[in-house]
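Reader: I should be grateful for a close look at one buried side chain and its surroundings. Please then set that part in the context of the whole.

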Amino acid sequence: FWSAVNNEFNNTMTKASFDTWIQTTHPVEYKGNQIYLEVPSPLHKGYWENNLVSEVTDIASGLLNKPIHIIVRTTDEYASLDPTIVEEEVKAPVKDKPQQETHLNGKYTFDSFVTGKGNEMAHAAALVVAENPGATYNPLLIYGGGGLGKTHLMEAIGHYVLDNENDKIVKYVTSETFTNDFINSIRSNHQEEFRQAYRNVDVLLVDDIQFLADKEGTQEEFFHTFNTLYNDQKQIVLTSDRLPNEIAKLSDRLVSRFKWGLSVDVAPPDLETRIAILQSKAHAESLEISDETITYIAKQVSSNVRELEGTLVRVQAYSAIKRQDITTELAMQALDGLKVNQRTDITASKIQRKVADFYEITPADLKGKKRSKTIVVPRQIAMYLCRELTSDSLPRIGQEFGGKDHTTVMHAINRIQEEMEGSQRLRDEVNQLKNKIRE
Ligand code: ADP
Ligand code: MG
């Protein structure tokens with residue numbers, strides 16, 4: 001089981017994440033339908049519970065052919081647990097299962113969702129639907145790229161309905177779960193139960209419908225599920241990574257049904273929204289982290305909120321391991337080497353040559369100690385570009401520039417980042433330089 005998990009994440013995670021989250025974790029025991037894992041810190045535990053447990057549950061359940069519970073505890077927790085209590089404590093949540101098994105993630109609520117330019121519409125529509133399920137936009141389709149909050153918004157609708165009208169039945173599934181449930185129901189001759197489970201609900205949330213592509217039988221069944229719910233004025237909410245008509249091999253009649261309600265997209269967050277998201281996550285985790293550092297982190301990731309969260313978790317982990325407060329410098333170190341798709345042919349000396357040419361000075365000037373403005377600024381730009389275009393660490397960049405301290409490098413980089421905010425000319429120059437270096 002553990003090697004299957006290792007294999008899976010080795011292929012799907014970056015090496016940095018793999019080292020941080022998987023390598024540090026150990027299987028402790030397999031008992032009944034429970035697998036116990038040991039992690040080094042509460043932080044790891046949190047990360048596991050939010051990001052890994054559900055996938056590992058699937059892997060384990062698949063391998064062992066029965067539903068498995070994954071229990072993650074820290075080394076300290078194992079050390080302090082009375083062995084007789086372990087069993088009691090573990091069994092309790094299984095017995096106390098809420099009557100409705102909604103499969104909703106407790107963290108994905110409207111309260112924890114930060115709105116900004118890219119997601120305002122989707123957020124507003126989701127709220128309308130949550131307040132009056134079945135009565136307005138039906139179906140509501142939220143579409144857009146990965147990690148932009150589609151699942152979060154969809155589950156927020158589920159929570160909202162459950163919190164405000166507790167007689168309502170909410171069901172959340174991914175389209176893969178729907179497919180598997182359907183196939184299993186045929187295999188085991190339980191089609192009636194399947195239909196009950198999907199048609200006897202007030203709100204059906206189906207995540208990632210693009211995976212229905214190509215599955216004709218499942219699409220047919222979903223078509224009937226859809227019609228039944230729609231006719232009963234039950235709310236349907238769907239998400240997809242693209243518009244239904246762009247999903248190849250999705251039947252025309254489903255595509256046309258999906259257009260009946262409202263389709264809203266989620267777009268990547270702008271810098272302001274990214275900062276707000278980081279602030280909200282830091283607050284939720286009671287992290288002490290300055291605005292300057294938050295802004296720095298927000299600038300490192302542009303495309304997607306999941307990655308943005310990942311960087312914060314990484315900084316948090318780094319600070320816990322190093323036992324240091326979170327500063328911009330620590331964040332820089334923590335995020336060091338995270339850049340993917342880096343080209344190996346771009347080196348510090350190549351960058352120095354191109355920058356020197358561009359400003360009509362010499363590489364020796366860049367590595368030297370002269371403090372005249374005509375040299376200092378290009379030097380800072382060159383350092384900044386080393387940071388952007390190579391995976392060199394800060395101390396390493398310092399060495400490349402005649403043995404400067406890594407704090408000097410950090411200040412240079414900050415300086416350029418700040419200047420670029422206010423100066424179109426500097427942004428243009430830096431871009432021109434990047435192109436020349438990449439040529
Ligand atoms: P998608 O379903 O679009 O791939 P998710 O809903 O899974 O994306 O979001 C990825 C992660 O980013 C989740 O942890 C989610 O809570 C977080 N997230 C996305 N958008 C926001 C937002 N606007 N505010 C707060 N958290 C967000
Ligand atoms: Mg999703």
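Author: His-44 is buried, since its relative accessibility is 4% and the cut-off for a buried residue is under 20%. This residue belongs to helix 3, which covers residues 42–64. The structure in question is a predicted model, and the values that follow are computed from it. The side chain of His-44 makes a polar contact with the backbone oxygen of Thr-20, at 3.2 Å. Once neighbours within four places in sequence are set aside, His-44 touches Thr-20, Trp-21, Thr-24 and Val-39. Thr-20 thus appears both as a partner in the polar contact and among the residues in contact with His-44.

A second buried polar side chain may be read in the same manner. Gln-219 lies in helix 10, residues 216–231, and counts as buried because its relative accessibility is 4%. Its side chain has two polar contacts to describe. A polar atom of this side chain lies 2.9 Å from the backbone oxygen of Lys-249, and the side chain also reaches the backbone nitrogen of Ser-251 at 2.8 Å. Beyond four places in sequence, Gln-219 is in contact with Leu-212, Ala-213, Asp-214, Lys-249, Leu-250, Ser-251 and Leu-254. Both Lys-249 and Ser-251 are therefore to be found in the surroundings of Gln-219, a residue that is buried.

A histidine elsewhere offers a contrast. His-411 is located in helix 20, residues 406–422, and its relative accessibility of 51% makes it exposed, because the exposed class begins over 50%. The C-alpha atoms of His-411 and Tyr-384 are 9.7 Å apart, although 27 residues separate the two in sequence. Ala-135, in the loop between helix 6 (120–131) and strand 4 (140–144), is likewise exposed, at 55%. The C-alpha of Ala-135 lies 7.0 Å from that of Gln-233, across 98 residues of sequence.

Helix 10 also carries aromatic residues. Phe-226 and Tyr-230 are 4 residues apart in helix 10 and so are separated by about one helical turn. Phe-226 is buried, with 1% relative accessible area, whereas Tyr-230 is partly exposed at 29%. The model contains 15 aromatic pairs. In the pair formed by Phe-226 and Tyr-230, the ring centres are 5.9 Å apart and the planes meet at 10°, so the rings are stacked. These two residues are part of a cluster linked by ring pairs, together with Phe-178, Phe-182, Phe-194, Tyr-198, Phe-222, Phe-258 and Trp-260. Lys-171 lies over the face of one cluster member, Tyr-198, at 4.7 Å from the ring centre. The charged end of Arg-253 is placed over the ring of Phe-223, 3.8 Å from its centre.

A further aromatic pair concerns Phe-358, which is partly exposed at 25%. The rings of Phe-358 and Tyr-359 have centres 4.9 Å apart and planes at 75°, so this pair is edge-to-face.

Attention may now turn to nonpolar side chains. In soluble globular proteins, nonpolar side chains tend to be buried together. Here, the largest nonpolar core has 50 residues, of which Ile-289, Ile-297, Val-315, Ile-351 and Leu-385 touch the most other members. Helix 18, residues 373–389, gives the most to this core, with 8 residues. Val-315 may serve as an example: leaving out residues up to four places away, Val-315 is in contact with Ile-297, Ile-326, Leu-330, Ala-331, Ala-334 and Leu-335.

The whole protein gives these details their setting. There are 21 helices and 8 strands, and 45% of the 439 residues count as buried. Where contacts join residues at least 6 apart in sequence, 71% join residues at least 24 apart.

Finally, the confidence of the prediction deserves a word. The mean pLDDT is 88, with 93% of residues at 70 or more. Over residues 85–98, however, pLDDT stays under 50, and the model has 11 contacts for this stretch beyond four places in sequence. The scores of the model are ipTM 0.99 and pTM 0.62.

Methods
Residues are numbered from 1 along each chain as its sequence is written. Chains are lettered from A and ligands numbered from 1 in the order in which they are written. This is a predicted model: local features need pLDDT of at least 70, side-chain atom pairs count only at pLDDT 80 or more; totals for chains, interfaces and linings use all residues. Side-chain values use heavy atoms; hydrogens and water are left out. A nonpolar core is a set of buried Ala, Val, Leu, Ile, Met, Phe, Trp, Tyr and Cys residues joined through side-chain atoms within 4.5 Å. Buried means under 20% relative accessible area, exposed over 50%, partly exposed in between (1.4 Å probe, protein chains only). Helices (H or I, at least four residues) and strands (E, at least two) are DSSP runs, numbered from the N terminus. Contact means heavy atoms within 4.5 Å. pLDDT is the predictor's confidence in each residue, from 0 to 100. A polar contact is a pair of N or O atoms within 3.5 Å; within protein, one must be able to donate a hydrogen and the other to accept it, and residues adjacent in sequence count only if both atoms are side-chain atoms. Rings of Phe, Tyr and Trp (its six-membered ring) pair if their centres lie within 6.5 Å; planes under 30 degrees apart count as stacked, over 60 as edge-to-face and the rest as tilted. A charge sits over a ring if NZ of Lys or CZ of Arg is within 6 Å of the ring centre and within 35 degrees of the ring normal.
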